[in-house]
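Here's a short set of exercises to work through with the model open in your viewer. Try each task before you read its solution.

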Amino acid sequence: GGAVLLVAVVDVGLLGGALLRTLSRAVSPEAEARFARHEAGHFLTALLLGCAVEAVEASPMSALANRRLRGSPGVVVHAAALDAAAEGRGAPAADVDAASIVLMGGIAAEALA
């Protein structure tokens, strides 16, 4: 009871939940496959739309060491529209479309399974 709670608090507080994600993916091959499809959807749509892919990492533990990923596994894409939004300025419609497609690419890939 108490030891499990302590490990969970330390995992979330210090490791950003990487330990729990690693364990859950090891126990559930379906979750691992869904995660891989989801991230592949982001990666492929970014590649096809000409957005720069800056980082890709599937391992939660390895993602902890990658500053670009901020401790979470996945894909980091440079999208001009997202930069513009973060800076409080507008973006061309084509950039907004590309960023939207890349963001939706993960769930679309999951739906194709």
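**Exercise 1. Strand pairing**

Which residue in β2 is the bridge partner of V53?

Solution. Keep in mind that this is a predicted model.
- Step one: place the residue. V53 sits in strand β1, which covers residues 52–57.
- Step two: look across to β2. β1 and β2 run antiparallel and are joined by five bridges.
- Step three: pick out the partner. V53 is bridged to V77.
- Step four: check the contacts. Leaving aside residues up to four places away in sequence, V53 touches F43, A46, V75, V76 and V77.

**Exercise 2. How enclosed are the strand residues?**

Work out whether V53 is buried, partly exposed or exposed, then do the burial count for strand β2.

Solution.
- Step one: V53 has a relative accessibility of 28%. Buried means under 20% and exposed means over 50%, so V53 counts as partly exposed.
- Step two: β2 spans residues 74–78, and four of its five residues are buried, so the strand is largely enclosed by the rest of the structure.
- Step three: for one distance around V53, go to F43. These two are ten residues apart in sequence, and their C-alpha atoms are 7.2 Å apart.

**Exercise 3. The core**

Find the residues of the largest nonpolar core, and say which elements supply at least two of them each.

Solution.
- Step one: the largest nonpolar core is made of six residues, namely A46, C51, V75, V77, A98 and V102. β2 and α6 each give at least two residues to this core.
- Step two: follow V77 outwards. Not counting residues up to four places away in sequence, V77 touches A46, C51, A52, V53 and V102.
- Step three: put it in context. In soluble globular proteins, nonpolar side chains tend to be buried together. For the chain here, 28% of the 113 residues count as buried.

**Exercise 4. A salt bridge**

How many salt bridges does the structure hold, and which side chains meet in a salt bridge?

Solution.
- Step one: the count is one.
- Step two: the side chains are those of R89 and E87, with 2.7 Å from N to O. The cut-off is 4 Å.
- Step three: check both ends for exposure. R89 has 47% relative accessibility, so R89 counts as partly exposed. E87 comes in at 54%, so E87 counts as exposed.

**Exercise 5. Far apart in sequence**

Take G50 and I107 in turn: say where each is found, whether each is buried or exposed, and what C-alpha distance separates G50 from A79 and I107 from R37.

Solution.
- Step one: G50 belongs to the loop between α3 (29–49) and β1. With a relative accessible area of 63%, G50 is exposed.
- Step two: G50 and A79 lie 29 residues apart along the chain, with 9.3 Å between their C-alpha atoms.
- Step three: I107 is part of helix α6. Its relative accessible area is 53%, so I107 is exposed.
- Step four: I107 and R37 are 70 residues apart along the chain, and their C-alpha atoms are separated by 8.7 Å.
- Step five: zoom out. Of the contacts between residues at least 6 apart in sequence, 51% join residues at least 24 apart.

**Exercise 6. Fold and confidence**

Write down the order of the elements from the N terminus, and find the elements with the lowest and the highest mean pLDDT.

Solution.
- Step one: the chain has six helices and two strands, in the order α-α-α-β-α-β-α-α.
- Step two: the chain averages a pLDDT of 80, and 69% of the residues score at least 70.
- Step three: helix α1 (residues 2–15) has the lowest mean among the elements, 65, and helix α6 (residues 93–111) the highest, 92.
- Step four: where pLDDT is low, the predicted coordinates shouldn't be read in detail.

Key
Residues are numbered from 1 along each chain as its sequence is written. Side-chain values use heavy atoms; hydrogens and water are left out. Buried means under 20% relative accessible area, exposed over 50%, partly exposed in between (1.4 Å probe, protein chains only). Two strands pair if DSSP finds at least two bridges between them. pLDDT is the predictor's confidence in each residue, from 0 to 100. Contact means heavy atoms within 4.5 Å. A nonpolar core is a set of buried Ala, Val, Leu, Ile, Met, Phe, Trp, Tyr and Cys residues joined through side-chain atoms within 4.5 Å.
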